[in-house]
Amino acid sequence: MLPSAMTIVMIEDDEGHGRLIEKNIRRAGINNEILSFKTGESGMSYMLANASRPAKSILLLLDLNLPDISGIDILAELKKRKETSRIPIIILTTTDDREEVSRCYDLGCNVYLTKPVAFDSFAQAVRQLGLFLTIMQVPELAK
Amino acid sequence: MAPIEHMTMSDISTLESPRKHGWIILAIVLLLLLSVAGAVFLIIDNRQSGSAIIRTQNVQAAAFRLLALMQQAESGQRGYLLTGKDQYLEPFTRSVELVPSALSDLAGLAEDDPALQQDVSALSPVTRKKLEELRATIAAFKRGGPSASLPMVLTDEGQREMEQLRALVQKILDDQRIKLAQRTDRWRINSDLLISLGAITLLLTMLAAAIIIRDQRRHAAILDATRERLITVNADLEKHVADRTAALREANEEIQRYAHIASHDLRAPLVNIMGYSGEIDLVRKEVLDMLQNPAILPEESREKLARLNEDFDEALSFIRQSIDKMNRLINALLTLARSGQREFRSEDLDMAAIFNSIKATLHHQISTKAASFVVGPMPHINADRLAIEQIFSNISENAIKYLDPNRPGNVSVSAQSSGTETIFIIADNGYGIAERDLGRIFDPFRRAGPQTEPGEGIGLAHVRMLVRRLGGKITCESTLGAGSRFIVTLPTSSNK
């Protein structure tokens with residue numbers, strides 16, 4: 001169960017995708033705060049400023065195709081720093097390049113999901129992600 | 001890019017050895033030959049002159065000797081006549097003995113000389129007479145002493161004969177002296193000429209040598225310069241080729257990167273279209289639910305609502321199908337782009353094994369269509385495994401896919417090896433391809449014939465790209481209604 005104090009941070013530059021993700025997470029019954037950032041820079045600043053706040057836990061949904069910084073760099077940076085390395089990061093992006101996937105897992109992402117275009121609809125997939133989120137355990141961040 | 005430096009035909013033609021000096025050399029050689037001929041002539045002439053000079057000197061010596069002998073004889077006689085002592089007669093006796101041989105010597109030397117012969121033949125009797133006179137006077141003295149010999153002497157006959165003798169000898173000597181002078185002059189002139197010729201020959205030889213050496217040097221310099229230029233031009237060309245190859249490779253990689261990026265940028269809006277078509281669907285459902293309330297919608301409008309709902313369904317369905325199709329196309333483009341980027345590695349491939357495993361993969365389709373798939377004897381080739389598998393899977397699958405259900409399907413695979421190249425032929429008796437379509441089938445997204453089977457039409461474009469990367473080529477022969485043959489020519493050993 002997602003702790004109610006958990007904030008879902010979404011770094012996604014496409015507004016359409018962002019809204020779809022948000023809607024469907026809500027449809028899955030998740031009522032946690034969702035903060036979305038359209039640029040890597042703004043998302044990163046928030047992460048770095050707030051991660052070390054006590055009793056604060058963050059779940060990050062990260063798109064790789066950002067306008068300013070590469071999502072990969074954000075992933076690497078967050079996993080490198082002690083105060084943010086435990087934050088669960090779910091990569092949610094259009095790329096399904098095998099090397100990209102391997103690289104993300106090498107850098108420490110927790111899950112890599114490709115945004116589907118298939119008939120089954122994006123919404124369904126995100127709803128399932130939402131359901132997944134309801135059953136997953138999140139770690140305590142380093143104090 | 002800068003123009004490539006190269007050698008023109010006029011550059012190359014100056015490499016020929018310079019001919020213009022050939023004439024000069026020839027002239028010099030002729031002159032040399034003349035000099036040598038002249039020298040030989042002079043030497044021979046001098047040899048003859050030399051012998052003639054010696055002969056002249058011999059004649060002079062012989063004439064002198066004869067005169068000396070006769071004078072000795074005379075002085076012997078005089079001594080004897082004066083003293084009456086026998087010892088004074090010795091010179092006479094000795095000389096007289098030698099006179100005949102001296103005379104014959106002289107005569108012998110005169111063989112070639114008619115003038116001398118004349119003189120000698122005049123000399124002979126005079127000599128004899130004088131000798132007789134000497135003997136007579138001596139004999140007279142021996143008989144009667146000085147009173148017997150003196151009157152003979154006083155006749156002056158002896159004196160006159162000696163004078164004659166002396167004059168004759170002098171004549172001979174003078175003649176010979178003149179001849180000697182002439183011959184010596186000639187000899188000297190010849191020698192001088194010879195020296196001059198020698199000097200001329202030396203000069204001519206040096207001149208010829210100088211010309212030849214200079215020509216050779218110039219020729220060698222031209223060759224060296226040309227060789228240097230060739231090396232530079234070669235290096236230049238190689239650099240140009242390397243540069244252009246690198247540029248081409250970069251351009252190719254760029255194109256592939258664009259294809260890669262484009263497909264991703266195309267996917268993002270598709271996600272939105274698909275997602276929001278889903279949202280619209282949800283909204284429609286909620287509105288529909290709301291309108292189920294009879295309080296809101298009168299009974300008579302329900303039919304219209306139902307039809308509107310159907311219209312909505314139809315519209316949404318077309319939207320979703322199009323999105324699906326576009327998604328598949330983008331995936332296919334991505335596959336093409338990705339294959340172009342992958343590094344190829346060559347390995348030894350048993351083509352029989354590869355075709356048999358393709359056959360096994362297609363087993364289901366083959367048996368569904370009750371067709372036959374025959375793999376003939378196959379060679380080994382050296383190439384990238386994945387590319388080869390993709391190429392022949394694709395072609396084989398097409399062959400099975402497009403079999404005509406109205407007749408038993410046969411697909412046969414055969415190969416011919418010719419050293420550097422191996423040709424694979426996959427023949428089927430399916431629908432065949434119309435002639436006007438034969439070019440199109442290799443274009444991406446183009447298909448030909450009845451579209452009875454699902455597919456994007458990406459396969460053969462991908463196949464052709466792979467075949468090209470392997471350094472081979474692919475062609476298709478077909479008869480509409482009878483079947484097709486796909487002919488893939490590949491290098492037997494790929495260096496990629």
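Here is a walk through a predicted two-chain model, starting where the chains meet and ending at a patch on the surface.

Let's begin with the contact between chain A and chain B. Together the two chains bury about 1,600 Å², and 57% of that is on carbon and sulfur atoms. Chain A puts 21 residues into the contact, while chain B supplies 17 residues. On the polar side, there are seven residue pairs in polar contact between the chains, counting pairs where both residues are at pLDDT 80 or more. Salt bridges across the contact come to just one. If you want to find it on screen, go to Lys23(A) and Glu279(B), whose side chains meet with N and O 3.0 Å apart. As for which element of chain A gives the most to the side touching chain B, that's helix α1 (residues 15-27), with eight residues.

Now step inside chain A. Thr93(A) sits in strand β4, which covers residues 89-93. Is Thr93(A) buried or exposed? Its relative accessible area is 0%, so Thr93(A) is buried. What does the side chain of Thr93(A) make a polar contact with? That would be the side chain of Asp63(A), at 2.9 Å. Setting aside neighbours within four places in sequence, the residues in contact with Thr93(A) fall into two stretches of numbering: Asp63(A), Leu64(A) and Asn65(A) on the one hand, and Tyr112(A), Leu113(A), Thr114(A) and Lys115(A) on the other.

Next, the charged pairs. Over all chains the salt bridge count is 30, and a few of them are worth a visit. In chain A, Lys80(A) pairs with Glu77(A), with the closest N and O atoms 3.8 Å apart. Both residues belong to helix α3 (residues 71-80), and they are three residues apart, about one turn of the helix. The two partners fall into separate accessibility classes: Lys80(A) has a relative accessible area of 65%, so it is exposed, whereas Glu77(A), at 24%, is partly exposed.

Chain B has its own examples. Arg407(B) and Asp404(B) bring their side chains together in a salt bridge at 3.5 Å, N to O. Here Arg407(B) is partly exposed, with 26% relative accessible area, and Asp404(B) is buried at 12%. Then there is Arg436(B) with Asp437(B), a salt bridge with an N to O distance of 3.9 Å. Arg436(B) counts as exposed because its relative accessibility is 69%. Asp437(B) has 10%, so it counts as buried. Chain B also holds a network of salt bridges, which links Asp281(B), Arg284(B), Lys285(B), Asp313(B) and Arg320(B).

Last stop: something without charge. Which residues make a nonpolar surface patch of about 280 Å²? The answer is Val29(B), Leu30(B) and Leu33(B). Take Leu30(B) as your way in: this leucine is part of helix α2 of chain B, which spans residues 21-83. Why does Leu30(B) count as exposed? Because its relative accessibility is 52%, and the cut-off for exposed is over 50%.

Definitions and conventions. Residues numbered from 1 in each chain as written. Chains lettered and ligands numbered in written order. Predicted model: local features only at pLDDT ≥ 70, side-chain atom pairs only at ≥ 80, totals over all residues. Heavy atoms only, no water. Patch = residues over 30% accessible without salt bridge, like charges linked within 9 Å, V, L, I, M, F, W, Y side chains within 5 Å. Areas by Shrake-Rupley, 256 points an atom, 1.4 Å probe, with all protein chains shown as cover. Salt bridge = Lys/Arg side-chain N within 4 Å of Asp/Glu carboxyl O. Helix = DSSP H or I, 4+ residues; strand = E, 2+ residues; numbered from the N terminus. Buried < 20%, exposed > 50% of the residue type's maximum accessible area, 1.4 Å probe, protein only. Contact = heavy atoms within 4.5 Å. Buried area = accessible area lost by both parts, 1.4 Å probe. Polar contact = N/O pair within 3.5 Å; in protein donor to acceptor, adjacent residues only side chain to side chain.
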